[in-house]
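Here is a short report for a reader who is meeting this structure for the first time. Please look at the sequence and the fold before reading on.

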Amino acid sequence: MFADVSSDIILYGHNHCRNICKGDKFYINVGALGCPAQDKNLARAGIIKIENGNAEVQTMDVEYDVNSVIHLIDEINYPDSDNIKKFFYGIW
């Protein structure tokens, strides 16, 4: 997929699972920030630090109250809230 990309570091996403591979290129997908991890109220994120030509990724798992977020989605009548709750939080 990234064969024609001339970058040394490739940030990609949409797959909610974290995947970080360092080889000839550095492929970084830290996971989904807004979607909770399976059976956990975690937002997954990361910070990339580039120093003296070297890149390192610090991953972060931040706990948050999913029920409060869902309540706010309903309270502010968030656009397409039914699909957001279905696809991101498994609420049918």
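Is Glu51 buried, partly exposed or exposed? Glu51 is partly exposed, because its relative accessible area is 47% and the partly exposed class runs between 20% and 50%. One point comes before the rest: this is a predicted model.

**Salt bridges**

Side chains of opposite charge can pair when their charged atoms come close. The count here comes to four salt bridges. The table lists three pairs, among them the one made by Glu51.

| Pair | Closest N and O atoms |
|---|---|
| Lys22 and Glu56 | 3.4 Å |
| Glu51 and Lys49 | 4.0 Å |
| Asp74 and Lys85 | 2.6 Å |

Take Lys22 and Glu56 to begin with. Their salt bridge has its closest N and O atoms 3.4 Å apart. The pair links distant parts of the chain. Lys22 sits in strand β2, while Glu56 sits in strand β5, residues 54–63. In sequence, 34 residues separate Lys22 and Glu56. Lys22 is exposed, with a relative accessible area of 54%.

Now back to Glu51. The partner of Glu51 is Lys49, with 4.0 Å between the closest N and O atoms. Lys49 counts as exposed, at 52% relative accessibility.

The pair of Asp74 and Lys85 has its closest N and O atoms 2.6 Å apart. Asp74 belongs to helix α1 and Lys85 to helix α2, residues 81–89, so this salt bridge ties together parts that are 11 residues apart in sequence. Asp74 is partly exposed, with a relative accessible area of 42%. Lys85 is buried, because its relative accessible area is 11% and buried means under 20%.

**Helix α2**

Which residues of α2 are buried? They are Ser81, Lys85 and Tyr89. Seen down the axis of α2, these buried residues fall within an arc of 40°, so they line one face of the helix. Asp82 and Phe87 are on the other side of α2, and they are exposed.

**Helix α1**

Helix α1 covers residues 66–75, and Asn67 has its place there. Asn67 counts as exposed, at 59% relative accessibility. Asn41 is 26 residues away from Asn67 along the chain. The C-alpha atoms of Asn67 and Asn41 are separated by 9.3 Å.

**The sheet**

What is the strand order in the open sheet of three strands? The order is β1-β3-β2, and the pairing is mixed. The edge strands are β1 and β2, residues 19–22, each pairing on one side only. Neighbouring strands of this sheet are turned by 15° against each other on average, direction ignored.

Strand β2 pairs with strand β3, residues 26–29, in the antiparallel sense. Four bridges join β2 and β3. Lys22 appears again here: Lys22 stands opposite Phe26 in β3.

**A nonpolar surface patch**

Strand β1 covers residues 9–11, and Leu11 lies in it. Leu11 is exposed, with a relative accessible area of 60%. Which residues form a nonpolar patch on the surface with Leu11? They are Ile48 and Ile50. Together, Leu11, Ile48 and Ile50 have about 300 Å² of accessible area.

**In brief**

Lys22 takes part in a salt bridge with Glu56 and stands opposite Phe26. Lys85 forms a salt bridge with Asp74 and is one of the buried residues of α2. Leu11 lies in β1 and is part of the nonpolar patch.

Terms used: Residues numbered from 1 in each chain as written. Predicted model: local features only at pLDDT ≥ 70, side-chain atom pairs only at ≥ 80, totals over all residues. Heavy atoms only, no water. Patch = residues over 30% accessible without salt bridge, like charges linked within 9 Å, V, L, I, M, F, W, Y side chains within 5 Å. Areas by Shrake-Rupley, 256 points an atom, 1.4 Å probe, with all protein chains shown as cover. Salt bridge = Lys/Arg side-chain N within 4 Å of Asp/Glu carboxyl O. Helix = DSSP H or I, 4+ residues; strand = E, 2+ residues; numbered from the N terminus. Buried < 20%, exposed > 50% of the residue type's maximum accessible area, 1.4 Å probe, protein only. Pairing = 2+ DSSP bridges. Axes fitted to C-alpha atoms, helices over the stretch in contact; angles between N-to-C directions. Arc of directions from axis to C-beta.
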